Amino acid sequence: MLSRHNIFILYLIIAVLVTVTAQQYKPTWDSLDSRPLPPWYDEAKLGIFIHWGVFSVPSFGSEWFWWNWQGLHNQEYVDFMKKNYPPDFTYPDFAPMFKAEFFNPQEWAEIFQASGAKYIVLTSKHHEGFTNWPSHYSWNWNAMDIGPHRDLVGELAGAIRQNTSIRFGLYHSLFEWFNPLYISDKKNKFKTNEYVEKICLPELYEIINNYKPDVLWSDGDWEPSSFYWNSTGFLAWLYNDSPVKNTVVTNDRWGSDALCKHGGYYTCQDRYDPGKVINHKWENCMTIDKKSWGYRRNSQLSDYLTTHEIISTLAETVSCGGNLLINVGPTADGRILPVFEERLRELGDWMKVNGDAIYGTKPWRAQNDTLSPYVWYTSTKDTVYAIVLTWPKSGNLTIAAPRVSPNTSVQMLGYPTPLKWAVTNNHTAIILPVITPDSLPCKYAWVLKLQNIS
């Protein structure tokens with residue numbers, strides 16, 4: 001039997017747990033910003049972004065096609081439409097062509113799992129307003145009513161959860177370019193919020209309750225402040241009462257006053273790369289296609305990042321404490337192009353060998369080496385990893401940051417034999433393996449595991 005003292009301790013522990021579980025966040029930025037980021041996100045490091053919608057049909061220029069054509073009247077887009085479509089063709093006329101007839105969510109899930117990614121973020125709705133789920137607040141402008149006649153969000157969520165260990169996330173654009181309610185609120189200088197009350201917030205509650213994403217990636221926020229969007233009110237519900245309150249992570253795109261200041265992790269801008277450690281968790285969202293987030297039929301091979309460029313970006317991002325969210329743009333018929341698939345699978349092959357240097361790591365005291373700037377560092381409790389992005393022509397790698405001792409050991413991940421090293425002019429010279437086609441464990445970049453260093 002438990003003693004009175006042990007019973008008291010047990011009650012005390014239960015009381016603490018109840019207090020922590022019952023933590024209530026107020027609808028203020030000070031309160032919301034105090035919420036700790038769920039640990040899984042920092043440990044994950046790598047995610048896949050998926051931009052897919054009606055914009056995938058014209059697949060010209062970028063996913064901002066509608067705005068460039070009929071918002072900015074960009075001449076390149078105007079000429080494209082005149083040349084290829086009837087005079088009375090409208091953007092909504094593209095929707096029936098968004099058929100997704102080759103969309104196989106299980107196939108997508110397998111590709112994403114093979115990439116080594118730990119989470120994905122699918123566009124539930126981009127700025128065009130078309131929802132990839134059967135929303136009650138987007139009548140006849142959703143993937144069930146027109147086009148695919150499928151719940152694209154639900155199908156991918158199911159495939160991810162049933163077949164992989166990946167966490168499922170959703171992107172959602174707060175505003176819509178041509179929504180009459182938003183345009184009216186804008187004309188009223190955002191002193192009215194009819195669009196928010198009738199469209200935006202109901203959609204957010206809908207996707208959270210129906211699909212329970214572990215990532216809510218907000219966007220399209222930048223014109224009005226977070227007060228207009230009622231961002232703090234929604235996030236208080238998300239953190240306190242939603243079905244994902246204990247696991248969900250959000251970003252910082254919740255109003256013109258929030259970017260890089262409030263919310264969950266910071267994105268600050270697309271392709272954000274501070275190049276140093278900052279005092280807040282951040283994410284670098286970037287595209288394999290350097291010119292677009294959505295699929296482009298007129299892309300060239302040179303427009304796509306190489307696998308080496310992707311791994312280099314991953315190393316630099318994680319070394320500085322960030323996560324990398326890599327974007328692919330599927331076709332309107334539901335395919336992930338071979339060039340995207342190849343990049344993701346080659347990234348995954350690299351991660352199978354070198355994942356210990358990425359997953360669950362923390363920034364080290366040095367991010368990249370001062371003597372060999374193509375070397376980036378990550379660390380765990382008792383190990384430092386040196387990610388070597390370029391193979392030295394001499395066959396020796398000389399680095400300045402680590403301080404070695406007689407007990408220091410150097411191992412290349414995936415290579416069976418420990419590497420020899422020596423101290424030269426206060427720098428550490430590591431003798432790398434002799435290169436033969438089969439001697440190295442991977443392509444593109446190599447990781448040295450350093451132990452017993454300071």
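These legends go with a handful of close-up views of a predicted model.

**View 1. Helix α12 and its neighbours.**
Here we zoom in on α12, which covers residues 307-319 and so counts 13 residues in this predicted model. From first C-alpha to last, α12 reaches 18 Å, close to the 18 Å expected at 1.5 Å a residue. Look for its buried residues: Thr 307, Ile 310, Ile 311, Ser 312, Leu 314, Ala 315, Thr 317, Val 318 and Ser 319. An α-helix has 3.6 residues a turn, so residues three or four places apart point the same way. What do the buried residues of α12 pack against? On the strand side, the partners are β1 (46-50), β6 (282-287), β7 (322-328), β8 (375-379) and β9 (383-388), and helix α13 (338-354) joins them. After α12 comes Gly 321, with a positive phi near 95 degrees.

**View 2. Strand β4, tucked away.**
This close-up is about β4, residues 215-219. Five of its five residues are buried, so the strand is largely enclosed by the rest of the structure. Side chains in a regular strand alternate between the two faces of the sheet. In β4, Val 215, Trp 217 and Asp 219 point one way, while Leu 216 and Ser 218 point the other way. Both sets are buried.

**View 3. What β4 pairs with.**
Strands of a sheet pair through backbone hydrogen bonds, in either a parallel or an antiparallel way. Strand β3 (residues 167-173) runs parallel to β4, and five bridges join the two. To find your bearings, start at His 172 and look across to its bridge partner in β4, Ser 218. Strand β5 (residues 249-250) also runs parallel to β4, joined to it by two bridges. Here the pair to pick out is Leu 216 with Thr 250 of β5 opposite.

**View 4. A three-stranded open sheet.**
Now for an antiparallel arrangement: three strands make an open sheet in the order β10-β13-β12. Which strands sit at the edges? They are β10 (396-399) and β12 (421-424), each of which pairs on one side only. From one strand to the next, the twist averages 25 degrees. Four bridges hold β12 and β13 (residues 427-431) together, and these two run antiparallel. Thr 424 is the residue to look for opposite His 427 of β13.

**View 5. The one disulfide.**
The structure holds one disulfide, and the cysteines it joins are Cys 260 and Cys 268, with 1.9 Å from S to S. The link is right-handed, at 70 degrees about the S-S bond. Are its two cysteines buried or exposed? Cys 260 has 32% relative accessibility, so it counts as partly exposed. Cys 268, on the other hand, has a relative accessible area of 11% and is therefore buried, the cut-off being under 20%.

**View 6. Two cysteines without a partner.**
Why does Cys 200 make no bond to another cysteine? Because its closest cysteine sulfur, in Cys 285, is 19 Å from its own, which is too far. Cys 200 is buried, at 1% relative accessibility. Cys 320 tells a similar story: the closest cysteine sulfur to its own belongs to Cys 268, 13 Å off, so a bond is out of reach. Cys 320 is buried too, with a relative accessible area of 1%.

Note on methods
Residues are numbered from 1 along each chain as its sequence is written. This is a predicted model: local features need pLDDT of at least 70, side-chain atom pairs count only at pLDDT 80 or more; totals for chains, interfaces and linings use all residues. Side-chain values use heavy atoms; hydrogens and water are left out. The expected span of a helix is 1.5 Å times one less than its number of residues. Buried means under 20% relative accessible area, exposed over 50%, partly exposed in between (1.4 Å probe, protein chains only). Contact means heavy atoms within 4.5 Å. Two strands pair if DSSP finds at least two bridges between them. Axes are lines fitted to C-alpha atoms, for helices over the stretch in contact, and angles run from 0 to 180 degrees between N-to-C directions. A disulfide is a pair of cysteine sulfur atoms within 2.5 Å.
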